[in-house]
Amino acid sequence: MVKLDKELFKNDIEEYLKNFYRKTIEEADNHQLFNAVAYALKEIIVEDWMATHKAFDEQDAKMVYYLSMEFLMGRALGNNIINLQAHEVVKQALEELGLNLNEIEDSERDYALGNGGLGRLAACFLDSLATLGYRAYGCGIRYKYGMFKQEIRDGYQKEVPDDWLKYGNPFEIRRDEYTKIVKFGGYVSSRKDENGRDHYSVEGYQAVKAVPYDLPIVGYGNHVVNTLRIWDAEPMDTFNLQEFGRGDYRKAVESENLAKNIVEVLYPNDEHYAGKELRLKQQYFFISASIQTAIDKYLRNPKHTDLHKLHEKVVFQLNDTHPTVAIPELMRILMDDYEFTWDEAWEVTTKSCAYTNHTIMAEALEKWPIELFSRLLPRVYSIVEEINRRFCKEIMEKYPDCSQEKIRKMAIIYDGQVKMANMAIVAGFSVNGVARLHTEILKKQELKDFYQMYPEKFNNKTNGITQRRFLLHANPLLSDWITEKIGDGWITDLSQMKKLEPYAADSRAKAEFMQIKYLNKVRLAKYIKEHNGIDVNPRSIFDVQVKRLHEYKRQLLNILHVMYLYNQLISNPDMDFYPRTFIFGAKAAAGYRIAKLTIKLINSVADVINNDKTINGKLKVVFIEDYRVSNAEIIFAASDVSEQISTASKEASGTGNMKFMLNGALTLGTMDGANVEIVEEVGEENAFIFGMSADEVINYEQNGGYDPMDIFNNDMEIRRVLMQLINGFYSPDDPDRFRPLYNSLLNTLDTSRADTYFILKDFYSYAEAQKKVEKAYRNSDWWAEAAIRNVANVGKFSSDRTIQDYVDDIWHLEKITVTVPEEQAE
């Protein structure tokens, strides 16, 4: 626990405002006030940061480099205050200066370094690594504009740049002294030395500088501060005066543009060749810089005299397939820069790299055209070719009777493509899935051949979330109530939530719990009014689906059901109907047309329903613009129903389901991903499960699917809903606007491609589950008990538990202890 001197802290804030902005507190705007508070807090953090690195060097603990294309961090100020255990003293100091902590926090922009569950998981993992006292570096890219900021205009998603660095980032530190050079293109040249050994180098390349910015990752109450290192790209020469003087103005800034493009946005649209090339450049850029850094850092320690032992002190965790180029890049550096033989480099690499698979969707397992890969990374490609050659030889020796079929499925290079997941499995010493069902599907279906060949590599690590952000910070009313009931041990040991179980049967506790939920719903209702202009009833059921928009996540099923309910209300305005508020939040990838059209449909349905006075506000639909970590915290705390309705077998894990559970929402979902384990923990009687099983879905897929026209032809209610997609009911100005959605469900030309995600097949099962939700919610006593039981049984789903599993089974790290000067400690 940090002892924060309140008077010194207040003085630091005033000094920063004076020295940075020449302003007093009364004159400063919100952004200036936020920066001043952040810089004052950073002084305290840096003391611990330096002490942590001193402990790293002294204790020489093994470390993990967590390599990820994205880190969805959210805002830093509030989380840092919480983890420093300084919330009350900071709040008091600001109040004495006439400032409000909540308003200061709201002035911070969310870090635009990630998009979905992959990035948020990485952020939770960093928090847990620091809190548990393990040595770790997160490594990624310092995107200037993130993926995009979502604006809803006329119901459509519009992507605008997310200029999150407009006012600077007070918590980051630029580290020019650790700048690395990253090379693209050119050609490979070779020479033989006097011993006849080949040496390779790249000539005629383009290069950029990778400049690191370090962000502190503060552990909870233990003085440990790990580092998230994000790389910015800068040109080798900012401006070519000779080219400019000759009138070639484009050539004069070519180097600058090359660097600028690399770090502009997360996940550039890769529907075209230039987008694919930029994505591969991004991946290699941050991986090369990070691997170079890891080796340099290892060798700077005087205890490390032999690079052949790198794996004893360093492990690289590949967060999905994006960082897989780390494998050939590590090989390249060891062989070309440190003169390792192939076998020596391969031994170090295969003992240092571990791979996490995050998807069952085959199209998400990255593949690169050979032409692109070999042109952009010629030396790295030659190494990939050799890895592939040796692996195919191993296949032929192991499976002589079916080697060609095995090679077709398993080769790293095949059909003109470099298959990154295959390379990660071949070279990684560990391959893990992220939920038990997901891992079993990988072993039995998607990666079956690899599992048969390398069963010892495969393991499961069910995802988790950090309770410190998503309860302690996001839901102070509930976290205070929990601490009052069971103490504060849950903050670092979520299994202690089990102590809440007796309160599920306590009438007073249930009343208190539901009042907290109501107040959180009032807070969200206020947010919705301010941002959407829609009045919602906090006494209604808040039914929420917030997550990345993809067809398999089935936001379309949700909104079709809303249309179905609305039709019932139109036909029978006096029906007994408990008020419902359906809340959506999602970003669709810029090039994902069907997903973007789904957003338009949700907003069009909302426009019709929310303006229909005949239903007396019984049904409301809200689409929350620009869903991100900071508004997610408000949403989770206020939710009654957690929509986790992916097609069974498609969701690897999900972590939103865990955040809802942590905040006392009941799961409405399929038996998919981590839903299976949530139901095991809380009991199926405290959730609402529907739909086909994973085995049933897979069976349909392997046997040609089903014909949704049978449902369309024989069910009048479903037919009515689907016809509203094409008869102008929700788009009178353009009746055909939603026809692509209609066609995706009822492809009359090719029924094998219709309703790929079984929306109509699961529709009535979903509708029945929704009826059970309404009936259950009417019994407020039962609902409160079930909600408390969800919170009480959430212990398994802490990222602290997940990280400890990684440490025990994969990374084998040692805990570090950080000591600080007496005047800093309690």
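This is a dialogue about how to read a few features of a predicted model.

Colleague: Let us begin with the two helices α21 and α22, for I should like to know at what angle they pack and how far apart their axes are.

Modeller: The general idea is that two packed helices are described by the angle between their axes and the distance between the axes. In this predicted model, helix α21, which covers residues 476–486, packs against helix α22, which covers residues 507–532, at an angle of about 160°, and their axes are 9 Å apart. Angles over 145 degrees count as roughly antiparallel, and therefore α21 is described as roughly antiparallel to α22. The crossing of α21 and α22 is right-handed.

Colleague: Which residues of α21 and α22 make the contact?

Modeller: From α21 the contact is made by L477, L478, W481 and K485, while α22 contributes A509, E512, F513, I516, L519 and N520.

Colleague: Let us follow K485 from that list; is K485 buried or exposed?

Modeller: K485, which lies in helix α21, has a relative accessible area of 18%, and because buried means under 20%, K485 is counted as buried. The side chain of K485 makes a polar contact of 3.0 Å with the side chain of E512. If residues up to four places away in sequence are left aside, K485 touches L500, Y503, A509 and E512.

Colleague: Now for a residue in a loop: where does T462 lie, and which residues does T462 touch?

Modeller: T462 lies in the loop between strand β17 (458–460) and helix α20 (467–473), and T462 is buried, with a relative accessible area of 4%. Not counting residues up to four places away in sequence, T462 touches V434, A435, R436, M658, E677, F797, R801 and T802. A separation along the chain can also be set beside a separation in space: T462 and G433 are 29 residues apart along the chain, and their C-alpha atoms are separated by 7.4 Å. The side chain of T462 is joined to the side chain of N460 by a polar contact of 3.0 Å.

Colleague: How many disulfides does the structure hold?

Modeller: The structure holds zero disulfides, and the reasoning can be followed through two of the cysteines, given that a disulfide is a pair of cysteine sulfur atoms within 2.5 Å. For C124, the closest cysteine sulfur is that of C139, and because the distance is 18 Å, it is too far for a bond. For C353, the closest cysteine sulfur is likewise in C139, at 12 Å, which is also too far for a bond. C124 counts as buried at 1% relative accessibility, and C353 counts as buried at 0%.

Colleague: Finally, let us turn to backbone angles; what is the phi of E339, and what is the phi of N616?

Modeller: The general idea is that most residues other than glycine have a negative phi. E339 has a positive phi, near 60°, in a residue other than glycine, and N616 has a positive phi of about 55° although N616 is not a glycine.

Colleague: Where do E339 and N616 lie, and are they buried, partly exposed or exposed?

Modeller: E339 lies in the loop between α12 (326–337) and α13 (342–352), and at 47% relative accessibility E339 counts as partly exposed. N616 lies in the loop between helix α24 (593–610) and strand β20 (619–623), and at 62% relative accessibility N616 counts as exposed.

Definitions and conventions: Residues are numbered from 1 along each chain as its sequence is written. This is a predicted model: local features need pLDDT of at least 70, side-chain atom pairs count only at pLDDT 80 or more; totals for chains, interfaces and linings use all residues. Side-chain values use heavy atoms; hydrogens and water are left out. Helices (H or I, at least four residues) and strands (E, at least two) are DSSP runs, numbered from the N terminus. Buried means under 20% relative accessible area, exposed over 50%, partly exposed in between (1.4 Å probe, protein chains only). Contact means heavy atoms within 4.5 Å. A polar contact is a pair of N or O atoms within 3.5 Å; within protein, one must be able to donate a hydrogen and the other to accept it, and residues adjacent in sequence count only if both atoms are side-chain atoms. Axes are lines fitted to C-alpha atoms, for helices over the stretch in contact, and angles run from 0 to 180 degrees between N-to-C directions. Angles under 35 degrees count as roughly parallel, over 145 as roughly antiparallel, 65 to 115 as roughly perpendicular and the rest as oblique. A crossing is left-handed if the near helix is turned anticlockwise from the far one by less than a right angle, and right-handed if clockwise.
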